[in-house]
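Ready to find your way around a new structure? Work through the exercises below, and try each one yourself before reading its solution.

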Amino acid sequence: MPRDRVVTAERQEEDRTESHSGGPALRPVQMDEYIGQAELVERLSIALEAVRQRKDSMEHVLLHGPPGLGKTTLAHVIATEMGSRLYTTSGPALSKAGDLIGTLTKMDEGDILFIDEIHRLPAAVEEYIYPAMEDFKVDFTVDSGMHAKVITVGLKPFTLIGATTRAGLLTQPLRSRFGISHHLDYYDEGELLQILSRAADRLAMQDVPPDALGAIASRSRGTPRVALRLLRRVRDFAQVRAHGKVTPVVVKEALLLEGVDGEGLDELDRKYLRTIFETYGGGPVGLEAIAATMGDDASTLEDVVEPYLLQKGFLARTRQGRCLTVRAGEHLGVRVSGDLFE
Ligand SMILES: Nc1ncnc2c1ncn2[C@@H]1O[C@H](COP(=O)(O)OP(=O)(O)OP(=O)(O)O)[C@@H](O)[C@H]1O
Ligand SMILES: [Mg+2]
């Protein structure tokens, strides 16, 4: 099944356009433009201020949490705040230790190495990271057999920023080498509203009333990336169908056309909920059974559909299986018989 969902938190091709095709940059550049995640921002601001005073390099930082919440953005912000260069790579891209060593040895003091999807770092490469993070050095072996010798190369003090959506997959030794480790949470509607009004300004969308932006925020699944994508869809719709005027009704119509309802659920979410209701009487039912009925794959449902439904309180996971909640029944406009979760 194609996964072209307008509400997906995962990055899609169109999300790149904001920085690559000359469009206005919607990404915050400085810490004070970064909205939400207050506790994390405070921890980082203190760390930044302290290293500025000591003229030191910052501790290594691990950012974990669902996609689209601003991990990559934050790595850029930290680099800007430190006035240092940011080298960007990812776990899967670092397939050979040589790639990592090549980058580390060319980095200057205070530079930042950003490793996205750090949980996918190959084990053979990870070994080189430990001494690099801890003692700013790498050991590597040249030649082999009798002539083999280990050469130690010193590195300039740098900061590693790792990002992952699956912190649980990180090995303990790697995890323990980060001085700051923080989980990013979903944004509340007020924060999304601030992000949206700033973006609307940058996109030169004039006079969009706050209640219209609020209607987008409430459909954004707590995720800035989704909010910004929905805003672009609304802008197109308004321009073509509503003389460029964005109102709550225009938002509703524009997003219904995209299959997104008032709670931010799309067709796939509703199909999932309806399957539990229609075929399994509201549950409890096992994930595999739901997946088989829908002709979909269980792990996809678990990773991309269930988290938001659980967060919204539309779904309960019990030992007996998945159950619809009363809220889900109300949202679908159906009456669910039997015992339901409140
Ligand atoms: N706190 C924020 N304030 C304003 N805009 C934000 C914020 N966080 C994220 N954004 C916007 O949301 C978009 C997605 O953020 P980003 O790419 O940093 O997410 P991510 O956590 O790295 O996602 P992934 O796990 O998929 O790599 C960015 O383009 C940025 O403009
Ligand atoms: Mg990212």
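Strands here are DSSP runs of E with at least two residues, helices are runs of H or I with at least four, and both are numbered from the N terminus. Keep in mind that you are looking at a predicted model.

**Exercise 1. Place Phe-114 in the chain and decide whether Phe-114 is buried or exposed.**

Step 1: Find the element. Phe-114 sits in strand 3, which covers residues 112-116.

Step 2: Count the neighbours. A residue needs 20 or more other C-beta atoms within 10 Å to count as buried. Phe-114 has 24 of them inside 10 Å, so Phe-114 is buried.

Step 3: See who is around. Skipping neighbours within four places in sequence, the contacts of Phe-114 are Ala-75, Leu-86, Tyr-87, Thr-88 and Ile-161.

**Exercise 2. Follow the chain past strand 3 and say what is unusual about the phi of Glu-117.**

Step 1: Locate the residue. Glu-117 belongs to the loop that links strand 3 to helix 5 (123-135).

Step 2: Look at the backbone. Glu-117 isn't a glycine, yet its phi is positive, at about 45 degrees.

Step 3: Check the surroundings. Glu-117 counts as partly exposed because it has 18 C-beta neighbours inside 10 Å.

Step 4: Try a second case. His-243, in the loop between helix 9 and helix 10, is a non-glycine residue with a positive phi too, near 50 degrees. With just 8 C-beta neighbours inside 10 Å, His-243 counts as exposed.

**Exercise 3. Work out which helices build the largest nonpolar core.**

Step 1: Start with the residues. This core has 30 of them, and those touching the most other members are Leu-196, Ile-216, Ala-227, Leu-231, Val-234 and Val-251.

Step 2: Assign them to elements. Helix 7 (189-202), helix 8 (210-217), helix 9 and helix 10 (248-257) each give two or more residues to the core. Helix 9 makes the largest contribution, with seven residues.

Step 3: Zoom in on one member. Beyond its neighbours within four places in sequence, Leu-231 is in contact with Leu-196, Ala-199, Ala-200 and Ile-216.

Step 4: Look for another core. There is one, lying apart from the core just described, with 29 residues that include Phe-114, Ile-115, Ile-129 and Ala-132.

Step 5: Add a bit of background. In soluble globular proteins, nonpolar side chains tend to be buried together.

**Exercise 4. Name the buried residues of helix 8 and the helices they pack against.**

Step 1: List the buried residues. In helix 8 these are Ala-212, Leu-213, Ala-215, Ile-216 and Ala-217.

Step 2: Find their partners. The buried residues of helix 8 pack against helix 7, helix 9 and helix 10.

**Exercise 5. Describe the shell around ligand 1.**

Step 1: Count the shell. Ligand 1 is surrounded by 21 residues, and the closest are Pro-67, Gly-70, Lys-71, Thr-72 and Thr-73.

Step 2: Sort them by class. You get ten nonpolar, six polar and five charged residues.

Step 3: Spot the helices. Helix 3 (71-82) and helix 9 (224-241) each put at least two residues into the shell.

**Exercise 6. Explore domain 2, starting from how strand 8 and strand 9 pair.**

Step 1: Get the bounds. Domain 1 runs over 37-183 and domain 2 over 267-332, with their C-alpha centres 38 Å apart.

Step 2: Read the pairing. Strand 8 (residues 315-318) and strand 9 (residues 321-324) are antiparallel, with four bridges between them. Thr-318 faces Gly-321 of strand 9, and the two strands make a hairpin with two residues between them.

Step 3: Hunt for a cis peptide bond. You'll find one joining Gly-283 and Pro-284, with omega about 0 degrees. Pro-284 lies in the loop between helix 11 (267-280) and helix 12 (287-294).

Step 4: Pick a helix residue. Asp-303 is in helix 13 (residues 298-312), and its 13 C-beta neighbours inside 10 Å make Asp-303 partly exposed.

Step 5: Link back to Exercise 1. From C-alpha to C-alpha, Phe-114 and Asp-303 are 25 Å apart in space, and they are 189 residues apart in sequence.

Definitions and conventions: Residues are numbered from 1 along each chain as its sequence is written. Chains are lettered from A and ligands numbered from 1 in the order in which they are written. This is a predicted model: local features need pLDDT of at least 70, side-chain atom pairs count only at pLDDT 80 or more; totals for chains, interfaces and linings use all residues. Domain bounds come from an automatic or database domain assignment. A residue is near a molecule or strand if its C-beta atom, placed from the backbone, lies within 6 Å of it. Ala, Val, Leu, Ile, Met, Phe, Trp, Tyr, Cys and Pro count as nonpolar, Asp, Glu, Lys and Arg as charged, and the others, Gly among them, as polar. A nonpolar core is a set of buried Ala, Val, Leu, Ile, Met, Phe, Trp, Tyr and Cys residues joined through C-beta atoms within 7 Å. A residue is buried if 20 or more other C-beta atoms lie within 10 Å of its own, exposed if 12 or fewer, and partly exposed in between; C-beta atoms are placed from the backbone. Two residues are in contact if their C-beta atoms, placed from the backbone, lie within 7 Å. Two strands pair if DSSP finds at least two bridges between them.
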